[in-house]
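New to this one? Here's a quick briefing to read alongside the sequence and the 3D view.

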Amino acid sequence: MATDTSAAVETEQPALKRHVGIIGLLFASIGSIIGSGWLFGALNASKEAGPAAIISWALGGVMVLAIALVYAELGVMFPLSGGVIRFPHLAFGSFASYTTGWITWVGASTTAPIEVLAALQYGTKYAPFTQEAQAGGQTVHTLTGLGYAVAVVLMAIFVVINYFGIRWFARINNALVWWKLGIIVLVVVAFLVSAFHGENFSSHGFKPAGWHGVFSAIATSGIVFSYLGFRQGVELAGETDNPRKNVPIAVIGSVLITAVIYIALQVAFIGALDPSLLSGPQAWSNLSFENDFGPLAALATALGLGWLAVLLYIDAIISPGDTGLIYTTLTSRLSYAMARNGNAPQRLAKTTDRGVPLFSLIVTFVVGLIVFLPFPSWQQLVGFITSATVLSFASGPLVLTALRKRVPDQPRPFRLPGGHALPLFAFWASNLIVYWSGWLTGWKLYLSVLVGFVLLGLFKVFGGVRQAPLHFWNGVSWLFPWLGGLALISYLGNFPEKSAGAGNLGVLNFEWSAVLLAALSVLVYIIATRVALPADAVVEHIEQSKEEAAVEDAELGATS
């Protein structure tokens, strides 16, 4: 038995409340997607890829949608909170679920802090919350003493709001998402109407950095980061009243809606730039203008749209704040899920009479404050979060194909078409995104994975976790070749260019790297399918997940 779901553990305290309907779930995803990424992504992508950033947004959307479709099938099959962590447990056991869960938690726990950083960077127009500094050869905006103090307050506010439970969260989020959708559409229309310089798309080349710039922008400028909020439709699946209908709509709909909006924003941004800002052979990579710590608001001011700039500075509090609120909710529920799987101290699974994992919220708050110390700027965090989150999602296609093989008759209200093609593409796409993030980000990510293994050992030695079987071989036989191969290819590859001094050798060009990553993806995909748990163990894990959902329904009920 992989997990000892003791009835005593399940019934001694309230489980999570099911109060999120279809609009709430869709808006949770959209609200999470439209955070700080859109406030900085247009400028960062333009500097990385020039006008071809439009392609970057489109390709990024396609790649994330492929990943999202995998989780749409899994999320409907098993509507449990913290699903991204729990899914690997069903097919591969505790070691796999711990490893992917740890990576997921690392990415999620650093997202609320980056949203706070975004709000404070825009707020620098009104108070010295951030200051310019140099990091990795680029100008970044790091927290000042005042900024850190305000960041602590904002993180605390996230915890207080979450304390009142998921119903309050949904009500607040729905109102905020209407604002966020309205403001981003308003920006697109205002920029297009006020100024559109078509020559900007060709005067210095459409792809000034070639395809290298296009692909690098996907991972490092905030593009994939901006799409990753689709996960809320999966993570909150256990708290929605009709997961069969609501989860696919929330997951797929959120990516499609925001992809259209982001592409339109990138077009409007490039067209609205004064052509005089673009000069010299490195026109796009050197793009800068006054007050570009808040690029969209600064551009609105330059266009004479002072009223829009004011709205954008207001939105720079609301959009990141709302996403930070969502990810505070998510991170606490990931801790909750890891504890329920027996991979983390059981105290993290305890909930209040409101159905809130309060201790997990407190841990989330403390970790968020610590994150500000080594990563005190938005620019320094975005690549790391993107890599960690995508790496955690990459296990989804492996779980999907393993479950299809082991339990082919399991009800699948939503089934991803195309056989192995789409899951394998989603896995390859995930590996490409992590690779494109570059070695400077990658080595830190792989180091954090090793830290996770150390913590697992400490948890097991000093207790505090349920001593469930690790199913070590069922996880390590594909996890180690996958992570090791990915690290090796990244070290040998050319993201970033060797001249950047990140430490990678740069001996593999894009084509060879893509081919090797494809081969690695196929190899790991095959291995994972073959070493998945036996069918009876998978069925046992599935039944345990159903019992857990039934206990939550029986104690609290499902509301529409």
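A residue counts as buried when its relative accessible area is under 20%. At 0% relative accessibility, glutamate 73 is therefore a buried residue, and it's a good place to start looking around. Keep in mind that this is a predicted model.

**The chain as a whole**

- The chain has 560 residues, and 62% of them are buried.
- Its secondary structure adds up to 23 helices and two strands.
- Take the contacts between residues at least 6 apart in sequence: 84% of those join residues at least 24 apart.
- The chain's accessible surface is about 19,100 Å², and carbon and sulfur atoms account for 68% of that.

**The nonpolar core**

- The largest nonpolar core has 177 residues, and the members that touch the most others are Trp38, Tyr71, Phe92, Phe191, Phe230, Trp478 and Trp482.
- Helix H4, which covers residues 53-77, supplies the largest share of this core, with 16 residues.
- Want to zoom in on one member? Setting aside neighbours within four places in sequence, phenylalanine 191 is in contact with Ala268, Phe269, Ala272, Leu296, Leu299, Ala300, Leu303, Leu305 and Leu308.

**The salt bridges**

- How many salt bridges does the structure hold? There are two.
- One of them pairs glutamate 73 with arginine 404, and the closest N and O atoms sit 2.8 Å apart.
- That pair ties together distant parts of the chain: glutamate 73 belongs to helix H4 and arginine 404 to helix H18 (residues 395-406), with their positions 331 residues apart.
- Both glutamate 73 and arginine 404 are buried.
- Glutamate 73 also meets the side chain of arginine 412 in a salt bridge, at 3.3 Å from N to O.
- Here again distant parts of the chain are linked, since arginine 412 lies in the loop between H18 and helix H19 (421-436) while glutamate 73 is in helix H4, 339 residues apart.
- Put together, Glu73, Arg404 and Arg412 form a linked network of salt bridges.

**Buried or exposed?**

- Is arginine 412 buried or exposed? Its relative accessible area is 14%, so arginine 412 counts as buried.
- Its partner glutamate 73 has 0% relative accessibility, so glutamate 73 is buried as well.

Notes: Residues are numbered from 1 along each chain as its sequence is written. This is a predicted model: local features need pLDDT of at least 70, side-chain atom pairs count only at pLDDT 80 or more; totals for chains, interfaces and linings use all residues. Side-chain values use heavy atoms; hydrogens and water are left out. A nonpolar core is a set of buried Ala, Val, Leu, Ile, Met, Phe, Trp, Tyr and Cys residues joined through side-chain atoms within 4.5 Å. Buried means under 20% relative accessible area, exposed over 50%, partly exposed in between (1.4 Å probe, protein chains only). Helices (H or I, at least four residues) and strands (E, at least two) are DSSP runs, numbered from the N terminus. Contact means heavy atoms within 4.5 Å. Accessible areas come from the Shrake-Rupley method with a 1.4 Å probe; for residues, only the protein chains shown count as cover. A salt bridge is a side-chain nitrogen of Lys or Arg within 4 Å of a carboxyl oxygen of Asp or Glu.
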